Amino acid sequence: MVESRTANKKTEERILDKLVADGSLTSCSIVSRTGLMVAGDSVSPQKKETFAAMTAIVFSAAEAVKDDVKDGKVDSIVASFESSKLLLYPVSSNYILVGVASDTHSTEKALKALEEGAVKLRKEAPWLN
């Protein structure tokens, strides 16, 4: 079983590495909706675990608000800062992709990259479904 998990981790990391290598994201990770870092990294100066927990809280808060805005589900979340953007994109009911983009003008490109990454993860890493 350990050998299988090692192979799984390689698949996850390979997909995340490609997302960052394509240039629209400076960092990308998979976070459980309970706040655990599953794979990847964060550009946060905080511990990876703290970053993962905080991004999961942001996603959960947006889901809690969706009923108030009378909409069915959260498609993505973008938090804009002075020189970067934090992007959250659901992979499944249990996991989200967390990306950081340093170019604040390419939000659509970064979201498209996360969407494509989520599709690949669903296909190549079915344990995340």
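**A sheet, a helix and two cores**

In this predicted model, the largest nonpolar core has 22 residues, and the ones that touch the most other members are Leu25, Ile30, Leu97 and Leu121. Quite a few parts of the chain chip in: helix 1 (2-21), strand 1, strand 2, strand 4 (85-90), strand 5 (95-101) and helix 3 (107-124) each give two or more residues to this core. Helix 3 supplies the largest share, six residues. A second core lies apart from this one; it has twelve residues, including Ala52, Phe59, Ile77 and Leu88. As a rule, nonpolar side chains in soluble globular proteins tend to be buried together.

Leu121 gives a good look at who meets whom. Beyond its neighbours within four places in sequence, Leu121 is in contact with Glu12, Ile15, Ile30, Val91, Leu97, Pro126 and Leu128.

Now for the sheet. Five strands make up an open, antiparallel sheet, lined up in the order 2-1-5-4-3. Strand 2 and strand 3 (77-80) sit at the edges with a single partner strand each, so one side of each has no neighbour in the sheet. On average, neighbouring strands are turned by 20° against each other, direction ignored. Helix 3 packs on this sheet, where it touches strand 1, strand 3, strand 4 and strand 5, and its direction makes about 30° with that of strand 4.

Zooming in on the pairings, strand 4 and strand 5 run antiparallel and are joined by six bridges; Lys85 has Ala101 in strand 5 as its bridge partner. Strand 1 (residues 27-32) and strand 2 (residues 37-40), also antiparallel, are joined by three bridges, and Ser29 is partnered with Gly40 in strand 2. Four residues lie between the strands of this hairpin, in which Gly35 takes a positive phi near 100°.

Definitions and conventions: Residues are numbered from 1 along each chain as its sequence is written. This is a predicted model: local features need pLDDT of at least 70, side-chain atom pairs count only at pLDDT 80 or more; totals for chains, interfaces and linings use all residues. Side-chain values use heavy atoms; hydrogens and water are left out. Two strands pair if DSSP finds at least two bridges between them. A nonpolar core is a set of buried Ala, Val, Leu, Ile, Met, Phe, Trp, Tyr and Cys residues joined through side-chain atoms within 4.5 Å. Buried means under 20% relative accessible area, exposed over 50%, partly exposed in between (1.4 Å probe, protein chains only). Contact means heavy atoms within 4.5 Å. Axes are lines fitted to C-alpha atoms, for helices over the stretch in contact, and angles run from 0 to 180 degrees between N-to-C directions.
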